Amino acid sequence: MATPVGMIRALHRGTLGQSVVVDRIFSGIQPTGTPHLGNYLGAIQNWVKLQEESSSVLYSIMDMHSLTMPKEPAVLRQNILDTTAAILACGIDPKKCFLFRQSLVPEHAELAWILGCLTNVPRLLRLPQWKMKSASQNNEGTVGLLTYPVLQAADILLYKSTHVPVGEDQVLHLELAQDIAQRFNKKYGEFFPMPKAILSTTKKIKSLRDPAVKMSKSDPQKLAAVNVADSPEEIVLKFRKAVTDFTSEVTYDPASRPGVSNLVSIHAAVTGLSITEVLHQSAGLDTARYKMVVAESVIQKFAPIRNEIKKLQEDKSHLIKVLEDGAEKAKELAAPIYQEIRQLVGFQ
């Protein structure tokens with residue numbers, strides 16, 4: 001289980017060896033355009049909550065990570081803006097957090113090189129994301145694809161982050177960041193705090209077309225993922241075509257009824273109800289009618305967000321300024337930490 005943010009405080013090194021107590025949250029999202037339902041429920045919704053609970057929160061648009069999979073420059077530029085518009089529309093407030101673009105803070109890449117020199121290649125080769133994504137590239141995965149978990153570690157450690165909201169599929173990468181931090185501390189003296197996971201309480205949202213896999217924008221089946229900016233008609237169509245089974249009753253049993261159980265998880269997450277409450281409300285409904293109930297709940301949840309996304313997308317200069325302002329704040333935080341790292345490793 002993850003440790004609640006307020007219960008753990010990490011000792012950060014201050015001037016002249018003094019210890020300063022700081023709680024700091026770091027998380028990031030790849031710019032894939034408007035997020036899908038799984039992104040919103042599993043990450044962004046939690047981000048909004050965390051920015052209200054902590055005084056030091058950094059959220060980054062991870063444009064450097066996005067290069068690990070082929071991207072056209074024009075598409076990447078637009079995706080960065082669309083992702084920014086979407087997370088702002090979902091409730092992220094730049095006055096309550098640092099929202100910035102990763103590549104605007106060059107210390108991320110510089111620290112990644114230092115940390116990469118402390119990381120064993122066999123450890124990276126064992127990570128499941130490398131095996132899966134390399135296979136999708138005909139086993140010709142790039143160096144960037146292999147080493148991006150080291151860049152993730154740098155993203156976190158550059159700010160001496162103490163807590164990282166992660167999904168289940170990112171826990172191994174956070175453990176790598178912890179191991180790298182320990183290696184650095186052993187070699188150069190206690191410097192980095194051990195970042196701890198904040199695990200989402202939302203059930204992992206599965207594909208509507210194949211409930212055996214998680215929802216993904218890269219899914220070749222266009223009806224598999226519901227995007228935050230989808231129209232009501234698109235949302236209805238996707239839920240109507242959602243894969244279930246031949247039993248009409250609405251129950252929750254992920255092992256034997258993954259399709260229906262996925263719908264129940266979505267329904268509970270967007271309404272704030274428990275699984276038990278959702279099942280009680282859905283008693284007597286067959287799965288065909290229940291799909292429309294879930295679709296309507298999602299439509300109501302996303303309607304104001306969709307409208308706000310459209311408004312924000314019309315003001316490109318505002319989106320760029322938000323990311324640039326956030327990057328300046330992130331640089332101010334990162335610079336003294338990185339300068340101390342430079343001294344520790346012998347660069348100055």
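Here is a short walk through some features of this structure, which is a predicted model.

Let us begin with an open space, the second largest pocket. About 360 Å³ of space lies inside this pocket. Its lining is made up of 21 residues, and those closest to the centre are Val143, Gly144, Thr147, Tyr148 and Val150. Where do the lining residues of the second largest pocket come from? Four helices, α2 (63-66), α4 (107-116), α5 (121-125) and α7 (143-157), each supply at least two of them. The most generous contributor is α7, which gives eight residues to the lining. If you sort the lining by class, you will find 13 nonpolar residues, eight polar ones and no charged residues.

From α7 we can move on to the aromatic rings. A pair of aromatic rings is described by the distance of the centres and the angle of the planes. Searching the whole structure turns up eight aromatic pairs. One of them is formed by Phe26 and Tyr159, whose rings are stacked, with 5.8 Å from centre to centre and 15 degrees between the planes. Why does this pair tie together parts that are 133 residues apart in sequence? The reason is where the partners lie: Phe26 belongs to strand β3 (residues 25-29), while Tyr159 sits in the loop between α7 and β6 (163-166). Are these two residues buried or exposed? Phe26 has a relative accessibility of 2%, so it counts as buried. Tyr159 is at 0%, so it counts as buried too.

A second pair shows another arrangement. The rings of Phe184 and Phe191 have centres 6.1 Å apart and planes at 50 degrees, so this pair is tilted. The label follows from the angle, because stacked planes are under 30 degrees apart, edge-to-face planes are over 60, and the rest count as tilted. Phe184 is buried, at 0% relative accessibility, and Phe191 is buried as well, with a relative accessible area of 2%. These two residues also belong to a cluster, in which ring pairs link Phe184, Tyr188, Phe191 and Phe192.

Phe191 leads us to another residue, Lys160. Lys160 lies over the face of Phe191, at 3.9 Å from the ring centre. You can find Lys160 in the loop between α7 and β6. Its phi angle is near 55 degrees, a positive value in a residue other than glycine. With 3% relative accessibility, Lys160 counts as buried. What separates Lys160 and Pro193, along the chain and in space? The two are 33 residues apart in sequence, and their C-alpha atoms are 6.3 Å apart.

Now let us visit three more residues. Arg101 lies in strand β5 (residues 98-101). Its relative accessibility is 24%, so Arg101 counts as partly exposed; the buried class would require a value under 20%. Although Arg101 and Ser60 are 41 residues apart along the chain, their C-alpha atoms are separated by 5.5 Å. Ser60 also appears among the contacts of Arg101: leaving aside neighbours within four places in sequence, Arg101 is in contact with Ser60, Ile61, Asp63, Ile80 and Leu323.

Next comes Thr287, which lies in helix α12 (residues 287-313). At 10% relative accessibility, Thr287 counts as buried. Which residues does Thr287 touch, not counting those up to four places away in sequence? They are Thr244, Thr247, Ser248, Glu249, Arg257 and Val260.

Our last stop is Asp219, in the loop between β7 (196-199) and α9 (232-240). Asp219 has a relative accessible area of 16% and is buried, since the limit for that class is under 20%. Setting aside its neighbours within four places in sequence, Asp219 is in contact with Ser207 and Ala224. Asp219 and Arg209 are 10 residues apart in sequence, and 9.6 Å lies between their C-alpha atoms.

Technical notes
Residues numbered from 1 in each chain as written. Predicted model: local features only at pLDDT ≥ 70, side-chain atom pairs only at ≥ 80, totals over all residues. Heavy atoms only, no water. 1 Å grid on protein atoms, 1.4 Å probe; cavity = no way out; pocket = protein on both sides within 12 Å on 5 of 7 lines; lining within 4 Å. Points joined across faces, edges and corners; volume = space filled by probe spheres on them. Helix = DSSP H or I, 4+ residues; strand = E, 2+ residues; numbered from the N terminus. Nonpolar A, V, L, I, M, F, W, Y, C, P; charged D, E, K, R; others polar. Phe/Tyr/Trp six-rings, centres within 6.5 Å; stacked < 30°, edge-to-face > 60°. Buried < 20%, exposed > 50% of the residue type's maximum accessible area, 1.4 Å probe, protein only. Lys NZ or Arg CZ within 6 Å of the ring centre and 35° of its normal. Contact = heavy atoms within 4.5 Å.
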